[in-house]
Each structure stands twice: as C-alpha cells, then as structure tokens.
Amino acid sequence: MISSPATAFRRSAFTLAAVAVAVAAPARGDSIRAVSGFTSVASGNATTGNRAFIETGFVGTSSTLTAADIDTFKSGTLVNSSGTYNWNDVVPSDFGDGNLYPQNPDRGDTATPFPSENLGGAKLSEVFEPKNLAYLLDGESDVSWTLDLRYAPGMGVFADGDSSTMELFLLERGANSILGVQAIRTDGSLTDAVLLNFRTGTGSDYGVARNGGLTDYELDTLEIDGAQAVSGIGLDLGAFGLTAGQAVIGYRFFAQADTPSLHFDGPDFLGFVGTVHAQAVPEPASLALAGIGAAGVAIAALRRRRNDV
Ligand SMILES: [Ca+2]
Ligand SMILES: [Ca+2]
Ligand SMILES: [Ca+2]
Ligand SMILES: [Ca+2]
C-alpha cells in the first residue's frame, strides 16, 4: 500500500519488499490476466516494421478487445533521471544501443521515424498516439521513472465490478520485466500500486505472479540487435481496489532501480496501451459542490427538526 512510488520507494529495499507482498493479495488475482489469442498485422518487415493491433482475448475469460474498442491517451508526463517531460516535450534518445538515456523513446528498426527524431528524441504524444505496436519507451534496469498517462480533461473510465472484462492492457518488449501501475482517481489521488510481471508461465519472481501472455509478434528495435518476444497483461479496474461506478482519469506507470529483493529489470513499455473508450466523468469540483450541497440539505433538515421540537 503506497500513495507515491517516487517517495515510498526511495526509502529502502525493505519498502520494496513490503510493496511486493502487499500487492500480491490473492483477492485481486482474477483482475489481472494474461493476453491470449493476440493478433496484429505488420506493414513491412515482421519484426522491425510498423504494426497495428487487431484483437486480443484474455486467459480465463471469453471477453475480447478489438481495435475499435481501443482509445488513446491525450496527455501525460514522464519523470526520469534526465528530467520531466510533458506530452509535447521531446524526450531525449540516442536511438541506438548506447543506453545513454533512461526510458528513452525507441522504435522498430524499419518503423516510421518519430517526427522529432531530428531533434534528438521523440514526444510522448508521438510514442503513444499513433497506436503503433513498434513504438515504445526503452527501459534500463538501474533507473527509476514514473509515467502518467491521462484521458482528455473531464473524461475517464469507470470500474464495472466485473473482473472478466478488462479495462486496460499493457505490452512489454522482452517478456522479462516487472512494471508498477496505479490508477489516478478523479480527484487526482492515486490508488494502491499493482506490480505486473510480464514474464510468462507459472510461478512468481520476487513474490510477483507471472502474468504475461505472449502476443503474436517479436520486436527488434534500434536499442537492441535482435528480435524479442512481446508479452501482454490485461487489468480489470478492480485490481486497483476500485468498485463498480468509481472512475479513473488516467494511470501512473513506474519502475525502480533493481534491488536484491525486487528486480523490475527495466520494463520496455510499449507505446500501444490498450484502454477502453473514455466517457465523461464527474469533475472533482462538481463532486465537491454536490457534497457541500448535500451537507447543506442535511443541516437544513436538522434545523427544521430542531425547530419542530
Ligand atoms: Ca535505453
Ligand atoms: Ca471489468
Ligand atoms: Ca524488457
Ligand atoms: Ca535492432
């Protein structure tokens, strides 16, 4: 149970171990599912070219998500040891295997270059808006970072209380890393953290269940010299402790430097994030006004009752 990985995780390896145990609560296990039957289509080279999502299922449920079900995020912020980057800031990258930058924009070797590559990097908007399965943020295992992705202002996704339907799914290049996720509530507060282990198969690593399911493709990017498998994990919002009708306006993704007790192993975070379509959600301000209004009515009723006596 943490409210801010940036502060909570800074403390010690002991904190990390405690988080790993806390998020392994079995009650939420069926809210986290490996992708299955994942299909996509390449244009150009199969492992290095542009690729588009078609459809995926999830292990243990018949629910699926197709390309038509998928929305994109409209804003976000990356914070890493190089700096803080908003949606249309250029995040630096060497576009090679130099590991000069933590969590740097990367792409399939022959995929369409990012518009800002001539500026020495790529914008978050360029990585996350095109829905290209060959775009990603390449991670390193010795760094910490947080990435917030948000829906358009006033928009969000509601928890449906149904763990068989996935509201979000994520992909990781390599099927060899752990990624932290928190949901952002309408008032901006963060839920408990969930740790996702993109390694496939049974068992666990550092107390984090293996939840990855292989997609139908391998990806070879500028950062690496050969193709690696891409794995995916779906989430029902119940994984964050949210109940039916509660809304989120985005998510915080994070990784930390590896410690003896927990190896994030530098998640390579795919720019394609599958999220169901956002809907209008109550603004915190109107919620607060509604609360004040309800309190006012209650006080008035109390006064009336007192006056009646
Ligand atoms: Ca890198
Ligand atoms: Ca659901
Ligand atoms: Ca990886
Ligand atoms: Ca390569």
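1. Start with Val 181 and its neighbours. Leaving aside residues up to four places away in sequence, this valine touches Leu 170, Asp 192, Ala 193, Val 194, Leu 196, Phe 240, Tyr 251, Arg 252, Phe 253 and Phe 254. Val 181 sits in strand S14, which covers residues 178-185. Is it buried or exposed? Val 181 counts as buried because its relative accessibility is 0%. Take Asp 192 from that contact list: Val 181 and Asp 192 are eleven residues apart along the chain, and their C-alpha atoms are separated by 8.5 Å.

2. Keep in mind that you're looking at a predicted model. The protein chain averages a pLDDT of 87, and 83% of the residues score at least 70. Residues 1-27 are another story: pLDDT stays under 50 there, although the model has 41 contacts for this stretch beyond four places in sequence. Over residues 293-309 the pLDDT is below 50 too, and that stretch has zero contacts in the model beyond near neighbours in sequence. Where pLDDT is low, don't read the predicted coordinates in detail.

3. Now for the overall build. The protein chain has four helices and 22 strands. Of its 309 residues, 51% count as buried. Look at the contacts with a separation of 6 or more: 72% of them involve residues 24 or more positions apart.

4. Thr 56 is another residue to click on. You'll find it in strand S2, residues 50-58. Thr 56 has a relative accessible area of 1%, so it is buried. Not counting residues up to four places away in sequence, Thr 56 touches Val 35, Ser 36, Gly 37, Phe 38, Ser 63, Thr 64, Leu 65 and Phe 169.

5. Next, the calcium ion that is ligand 1. Which residues supply its protein donors? They are Asn 104 (OD1), Asp 138 (OD), Glu 140 (OE) and Glu 223, which is listed with OE twice. These donors lie 2.0 to 3.2 Å from the ion. Along the chain, the donors of ligand 1 follow the spacing N-x33-D-x1-E-x82-E. Two of them, Glu 140 and Glu 223, link distant parts of the chain, being 83 residues apart. Glu 140 is in the loop between strand S10 (135-138) and strand S11 (145-150), while Glu 223 is in the loop between strand S17 (208-219) and strand S18 (228-235). Both Glu 140 and Glu 223 are buried.

6. Ligand 4 is a calcium ion as well. Its protein donors are Asp 109 (OD, listed twice), Asp 220 (OD), Thr 221 (O) and Ile 224 (O). The distances from donors to ion run from 2.3 to 2.7 Å. In sequence, the donor residues of ligand 4 are spaced D-x110-D-T-x2-I. Asp 220 and Thr 221 are both buried.

7. Finally, the empty space inside. How many cavities of 30 Å³ or more turn up in a search of the whole structure? The search finds two. The largest cavity holds about 50 Å³ of space. Its lining is made up of Ile 70, Asp 71, Thr 72, Phe 73, Phe 128, Lys 131, Gly 271, Phe 272 and Val 273. Sorted by class, that lining has five nonpolar, two polar and two charged residues.

Definitions and conventions. Residues numbered from 1 in each chain as written. Chains lettered and ligands numbered in written order. Predicted model: local features only at pLDDT ≥ 70, side-chain atom pairs only at ≥ 80, totals over all residues. Heavy atoms only, no water. Donors = N, O, S within 2.8 Å, 3.2 Å for Na, K, Ca; no water. Helix = DSSP H or I, 4+ residues; strand = E, 2+ residues; numbered from the N terminus. Buried < 20%, exposed > 50% of the residue type's maximum accessible area, 1.4 Å probe, protein only. pLDDT = per-residue confidence, 0-100. Contact = heavy atoms within 4.5 Å. 1 Å grid on protein atoms, 1.4 Å probe; cavity = no way out; pocket = protein on both sides within 12 Å on 5 of 7 lines; lining within 4 Å. Points joined across faces, edges and corners; volume = space filled by probe spheres on them. Nonpolar A, V, L, I, M, F, W, Y, C, P; charged D, E, K, R; others polar.
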